[in-house]
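I opened this notebook to keep track of what I looked up in one structure. The entries follow in the order I made them.

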Amino acid sequence: MEDRRKVEMIKNKYPIGTRIKLNYMNDDNAVPCGTCGIVEYVDDEGQIGMKWDNGRTLSLIYGVDSFEIIKENNKAIFNTKIANDMSHNGEMVEILSFSKGKDIYSDRYTIKFKDGTIKNNIMSSELNFDYNKQKDERSR
């Protein structure tokens with residue numbers, strides 16, 4: 001019973017879509033320290049299935065590996081082609097929640113606009129998470 005509670009706690013603390021930064025991994029085939037990635041699932045043993053930015057998929061072990069949630073990626077720029085949402089194009093939005101689809105094109109987000117409006121079911125193709133990278137590239 002205690003194990004189920006622990007797994008549920010891990011699932012609540014690290015929901016699908018959470019950005020993680022690895023501090024240290026206790027594994028011979030460890031992902032390099034400082035690597036970031038996204039939680040894809042938490043299994044029945046409480047291991048956190050990761051998709052690392054370097055393409056690896058090695059899971060984290062809660063209480064053994066050292067890692068932290070990255071909070072800076074809770075913003076994106078909204079950019080849509082849907083006519084009734086065009087008034088918010090180019091606006092920085094806050095990501096409130098994420099639900100994983102069958103692929104990245106089916107992922108859905110709940111976002112909050114500057115005026116406080118909250119919209120559900122926003123597709124990943126309508127959000128630009130790499131706005132800092134693009135801004136840096138434009139300034140070159």
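**Entry 1: a charged pair**

I began with R19 and D53, whose side chains form a salt bridge, at 3.0 Å from N to O. The model is predicted, and I keep that in mind for every entry below. I then placed the two partners: R19 is in strand β1, while D53 is in the loop between β3 (47-52) and β4 (60-61), so the bridge ties together parts that are 34 residues apart in sequence. In general, side chains of opposite charge can pair when their charged atoms come close. I asked how many salt bridges the rule gives. The count comes to 1 salt bridge.

I stayed with R19 a little longer. Strand β1 covers residues 19-24. Is R19 buried or exposed? R19 counts as buried, because its relative accessibility is 17% and the cut-off for buried is under 20%. I also looked at R19 and I69, which are 50 residues apart in sequence, and found their C-alpha atoms 5.8 Å apart in space.

**Entry 2: V7 and its contacts**

Next I looked up V7, which sits in helix α1. V7 is buried, at 9% relative accessibility. Leaving out residues up to four places away in sequence, I listed what V7 touches: V42, D43, D44, E45 and G46. For V42 I also noted the C-alpha separation from V7, which is 7.8 Å, with their positions 35 residues apart along the chain.

**Entry 3: the second largest pocket**

V7 turned up again in the lining of the second largest pocket, together with D3, K6, I10, D44, E45, G46, Q47, I61 and Y62. I noted about 170 Å³ of space in this pocket. Which element gives the most to the lining? Helix α1 (residues 2-13) does, with 4 residues. Sorted by class, the lining has 4 nonpolar, 2 polar and 4 charged residues.

**Entry 4: H88 in a loop**

I then turned to H88, in the loop between β6 (75-78) and β7 (92-99). H88 is buried, with a relative accessible area of 14%. Which residues does H88 touch, not counting those up to four places away in sequence? I found F78, F113 and D115.

**Entry 5: the backbone at N121**

I checked a phi value at N121, in strand β9 (residues 118-123). The phi of N121 is near 65 degrees, a positive value in a residue other than glycine. Most residues other than glycine have a negative phi, which is the reason I wrote this one down. N121 is exposed, because its relative accessible area is 54% and exposed means over 50%.

**Entry 6: confidence along the chain**

Last, I looked at the predictor's confidence. The average pLDDT of the chain is 83, and 89% of the residues score at least 70. Which element has the lowest mean pLDDT, and which the highest? Among the elements of the chain, helix α2 (residues 131-138) is lowest, with a mean of 50, and β4 is highest, with 96. I then noted residues 134-140, where the pLDDT is below 50. Beyond near neighbours in sequence, this stretch has 1 contact in the model.

Note on methods
Residues are numbered from 1 along each chain as its sequence is written. This is a predicted model: local features need pLDDT of at least 70, side-chain atom pairs count only at pLDDT 80 or more; totals for chains, interfaces and linings use all residues. Side-chain values use heavy atoms; hydrogens and water are left out. Helices (H or I, at least four residues) and strands (E, at least two) are DSSP runs, numbered from the N terminus. Buried means under 20% relative accessible area, exposed over 50%, partly exposed in between (1.4 Å probe, protein chains only). Contact means heavy atoms within 4.5 Å. A salt bridge is a side-chain nitrogen of Lys or Arg within 4 Å of a carboxyl oxygen of Asp or Glu. On a 1 Å grid over the protein atoms alone, a cavity is a set of points where a 1.4 Å probe fits but cannot get out, and a pocket is an open set with protein on both sides within 12 Å along at least five of seven lines; lining residues have an atom within 4 Å of a point. Grid points are joined across faces, edges and corners, and a volume is the space filled by probe spheres set on the points. Ala, Val, Leu, Ile, Met, Phe, Trp, Tyr, Cys and Pro count as nonpolar, Asp, Glu, Lys and Arg as charged, and the others, Gly among them, as polar. pLDDT is the predictor's confidence in each residue, from 0 to 100.
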